[in-house]
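Biologist: Please show me the model. I will ask about it piece by piece.

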There are 2 protein chains.
Amino acid sequence: MTAPAGFRAAGVACGIKRHNPAQSSAPLDLALIVADAPASAAAVFTTNKAVAAPVVVSREHLARSGGIARAVVVNSGCANACTGEAGLAVARGMAARAAEAAGCSADHVLVSSTGVIGVPLSLDKVTQGIADAKRALSRTGNDTTMRAIMTTDPFPKSKAVSVQTAAGSFAVGGIAKGSGMIEPRMATMLGFLTTDARVAPDVLQRALRRVADETFNAITVDGECSTNDCVFLLASGASGVEIARDDDPALIAGLRAVSAHLAREIVRGGEGATKLVTVQVTGAASSNDAWLAARTIANSPLVKTAIHGGDPNWGRLVAAAGRSGAAFELDRASVAVGPVAVFVRGVPHDERADEAAAVMQAKDVAVSVDLGTGGTHAATMWTCDFSAEYVRINAEYRT
Amino acid sequence: MTAPAGFRAAGVACGIKRHNPAQSSAPLDLALIVADAPASAAAVFTTNKAVAAPVVVSREHLARSGGIARAVVVNSGCANACTGEAGLAVARGMAARAAEAAGCSADHVLVSSTGVIGVPLSLDKVTQGIADAKRALSRTGNDTTMRAIMTTDPFPKSKAVSVQTAAGSFAVGGIAKGSGMIEPRMATMLGFLTTDARVAPDVLQRALRRVADETFNAITVDGECSTNDCVFLLASGASGVEIARDDDPALIAGLRAVSAHLAREIVRGGEGATKLVTVQVTGAASSNDAWLAARTIANSPLVKTAIHGGDPNWGRLVAAAGRSGAAFELDRASVAVGPVAVFVRGVPHDERADEAAAVMQAKDVAVSVDLGTGGTHAATMWTCDFSAEYVRINAEYRT
């Protein structure tokens, strides 16, 4: 995320997360990203009606600034959600402190939080964290920054690409965190993208929306849409490469490469996940039906546990598609596990179960369902398997 | 289910389920219920578009007979779903054999199956089972019958009540099976109800629909709606008590007492379940919103794992309500765990977390969410907690 020119960042520890005495150093829990100059900014947010205070504040700031931002401040360990007026004051205070650090107005700061819901966030800790982060800001701060936004993530997520155009090259970079409460209908948990292309705010916003829908919005870990989901994208313009249209192939390719990688990494690092599962739906009567069926399959606990167990129990895929609400013709529907067709136009091919089971031993598994309507619409989602570890993590996360 | 006069039943073993050599006797897997004379019959079926062969056949028979049935034949261990034309022929054959046993036409037989999807059902085994069951039919056959319909159920489910009216008393009885793939939008997994009241088929159908919506349709184990869900209700009339209206208080009370008990027992015996959870939603802007929020909360893996861990993590209830699509006002919303208010009109009361945690130690836990819209609509659903055992059962069910 510091690969594109014009951005510095740092992650620090400020005591929001508990310090496990068995660990030598305190866990990183505050990140600051600062653009060298005012940058074009775009964002997509959660569609959950219970929105966290930082989401409210970031939306306000983007509206007031007309899509310009100078800094992003993020804490992990506390979501600052369901915290009432007090929580809103903390989110505003957090933006004000970051504005001082970046030398800009508070409206030019985007705020984000992740962690437990309903617990107050300490502005004192955040203030200390921002002061420390300001001193640590650097062009190589990607490493600490991507770690400071993690909660139950088993590994950090980061990606950068360089995009060549006739006018020169520009970079796109990003970091993300995921793990639980992941089924972002509009944005994913937290993603912070940067580019040094020069892009006007409205163009940037449309490009981000376009790419988010088929990357961050096409993943699920547990069907839960968080109170805090957001993806921010800042464009510094420092490369000098000007992008005028939201469907510019170079911009879309760069954003897609970074976003698709981060989105799949979020799933791969989903709570308790052992496999990355690609769910492809074809033969749908409408695009909406294709997404409906893909989403239902990707969230089905019976599908996800079968994949966890390496069991080619394709009947569960059929049952999930059938209950999804999408048009579905059982007699003409088909299912494949990887390249192995186990159900073809309504007829079971259980003699291929062993072959399908072998395919399912891999870490990456693709399943595909043709809804049998003769329609040409399709959708692809990414999900993970469902393990006992997911239950352990979420039964013990807070207490 | 044999408590009402006019019904005999039996459950037998016919080799559909594998016989574990460690067990002395083969598992029961075929049930036959026979009315002494043609009975009024009502049914509610799965809304899954991938309907199993027995559902197709039972629907046809009810339509042709005008709501009259003499026998119900059920097998467990094989769902006869996604089995194509061959499966349909087996379901029809199963009805024909049961008709011979009961001495009626095939149209007067209802057929039901439960078990693995996509595996052929052996008509030979079913035929042998029906012959054996015919010989075993008795007025005290409830015990073997309720066991013969089980799959992964940890215990059998049965209930009977006697209802007093001015015209005399009648009985209502029922058996059910559940466990996995349970979120019956129109009916539950399998439920077989009987009464000796005299009720016309159309009245019986409307009464069953009315009661099913607030009992069998108000439960969830894992949000999955099966290919085979059905509830059948037969009325023999043998008590001589005539019921003329579908909203007759005695009939509704009797059906509700049996159905609510069986529905809650299905949840209590849900795969991996350790707790029965009552989810109450109030303050909804519409009835649809109330059900939407209740259903989303009742299916939320994060809510269900928190309850499993005894963690009063009420933020997950708020997040689930917020993403449900129902109108939701965070600033006026409230959450309680049992009688303990942990979030009141937008303000957290985390000082009551220990109290709430203590309440959650019980086997039966109630959680309530007021959506804060000022509306007066409400809904109650029953769900279970989500344990690692659910994953174990479903990752290993078939292989």
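Biologist: Leaving aside neighbours within four places in sequence, which residues is A:Gly129 in contact with?

Modeller: This is a predicted model, where local features need pLDDT of at least 70, side-chain atom pairs count only at pLDDT 80 or more, and totals for chains, interfaces and linings use all residues. Residues are numbered from 1 along each chain as its sequence is written, with chains lettered from A and ligands numbered from 1 in the order in which they are written. Contact requires C-beta atoms, placed from the backbone, within 7 Å. On that basis, the partners of A:Gly129 are A:Val12, A:Cys14 and A:Leu30.

Biologist: Is A:Gly129 buried or exposed?

Modeller: A:Gly129 sits in helix α3 (residues 123-136) of chain A. Helices (H or I, at least four residues) and strands (E, at least two) are DSSP runs, numbered from the N terminus. A residue is buried if 20 or more other C-beta atoms, placed from the backbone, lie within 10 Å of its own, exposed if 12 or fewer, and partly exposed in between. A:Gly129 has 29 such neighbours, so it counts as buried.

Biologist: What is the radius of gyration of chain A?

Modeller: Chain A has 11 helices and 16 strands. The globule rule (2.2 Å times the number of residues to the power 0.38, with the radius taken over C-alpha atoms) gives 21 Å for 399 residues, and chain A comes close to that, so it is as compact as a globular protein of that length. Its radius of gyration is 22 Å.

Biologist: What share of the residues of chain A count as buried?

Modeller: The C-alpha trace of chain A spans about 65 × 55 × 35 Å along its principal axes. Among contacts in chain A between residues at least 6 apart in sequence, 81% join residues at least 24 apart. Of its 399 residues, the buried share is 65%.

Biologist: Which strands stand at the edges of the six-stranded open sheet of chain A?

Modeller: Two strands pair if DSSP finds at least two bridges between them. The order is β14-β13-β12-β15-β11-β16 in chain A, with mixed pairing. Each edge strand has a single partner, so one side of each is left without a neighbour in the sheet. The edge strands are β14 (347-348) and β16 (377-384) of chain A.

Biologist: In β15(A), which residue is the bridge partner of A:Ala336?

Modeller: Strands β12 (residues 334-337) and β15 (residues 364-370) of chain A run antiparallel, joined by four bridges. In β15(A), A:Ala336 is bridged to A:Ser368.

Biologist: What angle does helix α6 of chain A make with β16(A)?

Modeller: Helix α6 (residues 249-268) of chain A packs on the sheet, touching β11 (276-284) and β16. Axes are lines fitted to C-alpha atoms, for helices over the stretch in contact, and angles run from 0 to 180 degrees between N-to-C directions. The angle is about 50°.

Biologist: Which element gives the most to the side of chain B that touches chain A?

Modeller: The contact takes 53 residues from chain B and 53 residues from chain A. On the side of chain B, α8 (301-308), α9 (315-323), β14 and α11 (388-396) each supply at least two residues. With seven residues, the top contributor is α9(B).

Biologist: What kind of axis relates the two copies?

Modeller: Superposition is by least squares on the C-alpha atoms of residues with pLDDT of at least 70 in both copies. Chain B is laid on chain A with an RMSD of 0.0 Å by a turn of 180° and a shift of 0.0 Å along the axis. The copies are thus related as by a two-fold rotation axis.

Key
Contact = placed C-beta atoms within 7 Å.
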